[in-house]
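This report describes selected features of a structure for a reader who is beginning to study proteins. Please keep the sequence and the model in view while reading.

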Amino acid sequence: MNTPLAQQVSAPPYRAIQSRVQRKSAAFLANIEANLQLLGKLEAALSEARFEGKPQHLARARDKGKLTARERIEALLDAHSPFLELLPLAGMGGDGFGPGGTSVGGIGLVSGRMVMIIANVGTRKGGAVDYATLQKAIRLNEISIENKLPVISLVESSGANLPEQARIFNYGGATFRDITRRSKAGLANIAVVFGNSTAGGAYVPGMSDYAIFVDQGAKVFLAGPPLVKMATGEDVDDESLGGAAMHSRISGVSDYLAADELDAIRIAREIAAGLPHPPATYTGSAPVADPLYPADDLLGLLSPDLRKPFDMREIIARIVDGSRFSEFKAEYGPTLVCGFANIGGYPVGILGNNGVLFSESANKGAHFIQLCNQRQHPILFFQNITGFMVGQEYEEGGIIKHGAKLINAVSNSTVPAITIMMGASYGAGNYAMAGRAYQPRFLFSYPHSRTAVMGPDQLSGVMLSIQREAAQKMGIPFDEEQGEKMRDYMIKEVEKKSDAWYSTGQLWDDGIMDPRQSRHYLSFCLEVLYAQPMSGSSGYGVFRM
Amino acid sequence: MIVQPDIPIRPIQGLLIANRGEIAVRITRTCREMGIRSIAVFSDADRDALHVHCADMAMHIGPAAVKESYLNAEAIINAAIQSGADAIHPGYGFLSENAGFARAVLEAGLIWVGPHPEAIEQMGSKAQAKRIMEEHGVPVIPGYNGDDQSDAVLIKEALCIGFPLLVKASAGGGGKGMVIVRDESGLAPALGQARREALAAFGDERLILERYFERVRHVEFQIFGDQHGNAVHLFERECSLQRRYQKILEESPSPVLTQDTRERMGQAALNAARALAYDNAGTVEFILLQDASFYFLEVNTRLQVEHPVTEMITGLDLVRLQIQSAEGRVLELDPRSLKQNGYAMELRLYAEDPASGFLPASGELLRWDMPRAEGIRIDSGVQQGSVIGTDYDPMMAKLIVWANDRPEAFRRMRYALENLVCLGPLNNQNFLLNLVKQEQVKQGEYHTHFLDEHPELSAEYHPNAEEQQALLMALSLRQVFVDRQSQQHFRSLPTSWRNIPGPASELRWSVAGKEMLLRYRLLSDETAAHPCLELLSEEDSQRPLKARWSGGDENKARIQMGASLASWVFAESQDGLIRVLQPGVGVVRVLRPERFPDPSKEQTGGDYLAPMPAEVSAVLVSEGQRVEPGAALLVLYSMKMEHTIVAVQEGIVRSLLVQTGERVEAGAALLELEHEISAS
């Protein structure tokens, strides 16, 4: 096959967005500097998350012929497969084992099949599961079930982090429940056990459809030798009690006895090679046209100071195929930009904020979501929303009922959605634009984004006035100085608990992304979504007119 | 010019070519030019061979084994009759020097394209040949060629002749059944080996002894005669560069022959032709000593492999002359008008492993492309997809060049070799390339054992650091391309995209048995749709090298390394072995290590494996026997050569896994030797 000199590239026959970017403006340059700083912080957090154990632990593992969790994932993936790592900073800023917890999870290709891979980091805290790691497991399971992805678990965990058992025990059960529900849904669960998998952990291979045990590595039992000794007085070594050979030859808990780690991964790949392909195999008609404008511009366009607006079309122009965008109702309700585009060849509908939501923009959004359902296009929500407009005029205009229509449409839409936090995400705006509670299939944040009931200034201001009123009612003099201190504290507290780092630590998103990678994130996720048939909603709640 | 009017001219209408490979293809070409219908023959193994495709029609003559096909005189003559042929050309090898066959052809009423059977018979026996030559004043090598073949007599005669001494098969040729003996102690084993080989190769174990000269040159003269009694010589060919007694480079004119010596040798050759009333193509072979004295070696009563060299410098078509002579025509060759025009040379391309003693190799020819240019002629018996088997001689093609002078011809040959695409079985392309680059070879300063003294020419690929890096980068680029092509998902994403950057990518390669690692980063925002990507080698951060895939596919790609852009050719087989034609370097064989090595495939220590498909011709040890390092364990016979398997360590034969006469595949275990663990 010869490569023609000029590649035919595909892009929808929409008009391309004309950028008005001023690359030499002070604001543009200042934004780049501020955003690069944030990206530096992101890189620092990610390197912390990539930590897989102290050098001596890694050396000991290597001496035993063991790979690290990330090495296992690389070995499992197809050569040159992409890999979307999810929730890499879960638990960041919390009191657990640090960002990412003790697991690595994501989506990639194994023997040509899109699968979810979940790997315990056995070299970090013995792979013990802290609260964030558990939450991460629950969210990864949710993603795998919603997107119908088979799961390959790379198991090596000493089980729940016992000091945290109270927070972990109850919800921990969900992880085993999900394995069997996935199985019932026709999605394979493949467990590769490399090391310890004790007590509750024993149920991961125990519940899985396929269990591969590494000889001399896997140790799977409900209770280890010391506990058995305590319970029954029986003296037994761990290999006889739950070794790979025993489970493969006697108990039958293991289906495949692997000679070593690579052999186990080879077997997992062999199993994956026999799994059915997803029903819908629409792949974007590669090659596709790149955007007309470089992704690097995004760092100059996005202002980390959320009070400074940016034109959503400039962002869209740097994400969609050929920068081509078919805008819907451009002249009506202009604070909500709606339109159709392709990303990686996949058709999508996009809703992006260009200011506060008015009644017109809410109606327009509700209309557009119905169109996407009718067309069976996934919907992308690009959030930069401080909320719905307030004031007498707007209340009289019924902004509540119009906003309700948008939330109704978002809630009952059945085509998959992906949300990106690109700035502010405050109040009911978060809900109307498919925030976490509205279950978009994927949700990612830009590093400067914020999520809260309202902005820090507004929230602290409201709190201050409430307290002043309360003091007045009770006839107590209000200490303005104390009030100001209180206000500063509130601002700091809200700022801290609304920023992207806090959000991602709380698993309010599936990861913080470098804005320049938006197109790649989205085309990856769209490929996952398009692998399954999608159908538009056949009904909504009552739209109040 | 003698013309005998009673010899009738019988124009040949259909010619059966009782041969295969390049020579059959080459004869077909002349047939086509002369308007003669060509009829190929083929065995079971050659149904799809090139010579079958090239001929106007083809006749099946039997199973793969040569005895039942290409050596099966009856089947061949029947095929000729059935196909309506009126003549048979035997080519070289096989039945070409079998007087009995020539007679049978004539008795069947067919025309024999070759010398008359008596000449073949007389020259077929070395002893008789020597006697006739001696009688006609052709200098011969001192030796013994008596009928008494007892060890005692042979040893006595050997001592008279002196050492070094050559023991060879009386019926032999081409190095088979030939052993050099340097002192008395080596004599007895040499007699045994030579007899065994002679019997296997020629069905005749009679031996002759000859004085052996070190550092001689091999110079031969092409002779040609017709049935009317005319004979000429068509000058010399020098074929001193040989490996395992087989010629590898042939050239004309010889770089050392003076006009005076040429005339003396030419006269001797003509004497030989006249002594035999020679009436077709033949070759008189001599050894030439440093003092310009020469001795008769033998007469080959057939067309030689290296005949194109003579064709290139004389402008004659020797096959056409053979046919015309066989038809009874007068050869209008005036010795006074014959001239050596310019310079020609030939190299033989073999499927073999120069690095392990030129052992024959086999396999599918995955990629084959011949350079086409002025002055380059390639006589090939193969095409892309041909399978080089173990049943026949592993020569694939001959590269012949012509130029005004020797240096120009060497330049042209080097160009041809660098541009020849021959990827598949192990072969001697690199070796030939080394040969034409070698200073002494270029100066013509060599002798028949030159290659034994220059093992570095046959050593495996030894790239310098830069070439090696370029190789790894090209391979890795290709791998990325191949992997991306097979990826059904995420085709619009960059290769190996990670939302969270990880360590640099790595690819492992095994080059000439050495494991090598390339760490690289994909630099540009390439995608599967745009197979254009860059690698950054991190091995040498001082001089990072970028490689760019400029287009092509997994078989042939244009790759830019730094500023230079060149074409690379690749051929990968199922087993992950990739042959690479690296620009400016030659052919490299690289193994892509399996990502997941099979742990059940353990190395079995102490086993002796067949290095090639072969027949076990002798088992020299028995179970339980203790053997010294270097002791001969068994003898394999393959591709008309004997290979002795020797013990690499002291040990005890635990079990014999094969027996005499058994056919074994390459890699088959032959015996197990228990090595005693020495207490240390």
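The following paragraphs treat the overall form of one chain, then its helices and a sheet, and finally some backbone details.

**Overall form of chain B**

The model is predicted. Chain B contains 15 helices and 39 strands. Along the principal axes, the C-alpha atoms of chain B occupy a box of roughly 95 × 65 × 55 Å. For 680 residues, a compact globule would be expected to have a radius of gyration near 26 Å; the value for chain B is 28 Å, which agrees. Among the 680 residues of chain B, 47% count as buried. If one considers the contacts in chain B with a separation of 6 or more, 61% of them join residues that are 24 or more positions apart.

**Helix 1 of chain B**

Arg32(B) is placed in helix 1 of chain B, which covers residues 21-34. Is Arg32(B) buried or exposed? The answer lies in between: Arg32(B) is partly exposed, because 14 other C-beta atoms lie within 10 Å, and a residue needs 20 or more to be buried and 12 or fewer to be exposed. Arg32(B) and Ala55(B) are separated by 23 residues in sequence, and their C-alpha atoms are 8.8 Å apart in space.

**Helix 3 of chain B**

Which residues of helix 3 of chain B are buried? In this helix, which comprises residues 73-83, the residues Ile76(B), Ile77(B), Ala79(B) and Ala80(B) are buried. They lie on the same side of helix 3 of chain B, because they cover an arc of only 155 degrees around the axis. A general rule helps here: an α-helix has 3.6 residues a turn, so residues three or four places apart point the same way. The face turned away from the buried side of helix 3 of chain B carries the exposed residues Glu74(B) and Gln82(B).

The buried residues of helix 3 of chain B are covered by elements that include strand 1 (14-17), strand 2 (37-43), strand 3 (57-62), strand 4 (87-89) and helix 4 (99-107) of chain B. After helix 3 of chain B comes Gly84(B), which has a positive phi near 80 degrees.

**Helix 15 of chain A**

Helix 15 of chain A runs over residues 399-412. At 1.5 Å a residue, its 14 residues should span 20 Å, and the end C-alpha atoms are 20 Å apart, which agrees. The buried residues in helix 15 of chain A include Ile399(A), His402(A), Gly403(A), Lys405(A), Leu406(A), Ala409(A) and Val410(A). Because they cover an arc of only 145 degrees around the axis, they are on the same side of helix 15 of chain A. Among the elements covering these buried residues are helix 13 (359-375), helix 14 (392-396) and helix 16 (427-432) of chain A.

**An open sheet in chain B**

In chain B, 4 strands form an open sheet with antiparallel pairing, in the order 6-9-7-8. Strand 6 (143-144) and strand 8 (178-181) of chain B are the edge strands, each pairing on one side only. Within the sheet, strand 7 and strand 9 (residues 207-211) of chain B run antiparallel and are joined by 5 bridges. Ala169(B) has Leu207(B), in strand 9 of chain B, as its bridge partner. Helix 7 of chain B packs on this sheet and touches strand 6, strand 7 and strand 9 of chain B. The direction of helix 7 makes about 15 degrees with that of strand 9 of chain B.

**Backbone details in loops**

Most residues other than glycine have a negative phi, and most peptide bonds are trans. The table lists residues or bonds that depart from these patterns.

| Residue or bond | Feature | Value |
|---|---|---|
| Phe163(B) to Pro164(B) | cis peptide bond | omega near -5 degrees |
| Ser252(B) to Pro253(B) | cis peptide bond | omega near 0 degrees |
| Leu87(A) | positive phi | about 50 degrees |
| Ala292(B) | positive phi | near 70 degrees |

Pro164(B) is in the loop between helix 7 (151-161) and strand 7 (165-169) of chain B. Pro253(B) is in the loop between strand 12 (246-252) and helix 9 (259-275) of chain B.

Leu87(A) belongs to the loop between strand 1 (83-86) and strand 2 (103-110) of chain A. Leu87(A) is buried, because 27 other C-beta atoms lie within 10 Å. Ala292(B) is in the loop between strand 13 (281-288) and strand 14 (294-300) of chain B. Ala292(B) has 13 C-beta neighbours inside 10 Å and therefore counts as partly exposed.

Conventions: Residues numbered from 1 in each chain as written. Chains lettered and ligands numbered in written order. Predicted model: local features only at pLDDT ≥ 70, side-chain atom pairs only at ≥ 80, totals over all residues. Helix = DSSP H or I, 4+ residues; strand = E, 2+ residues; numbered from the N terminus. Pairing = 2+ DSSP bridges. Contact = placed C-beta atoms within 7 Å. Axes fitted to C-alpha atoms, helices over the stretch in contact; angles between N-to-C directions. Arc of directions from axis to C-beta. Rg over C-alpha atoms; globule rule 2.2 N^0.38 Å. Expected span 1.5 Å × (residues − 1).
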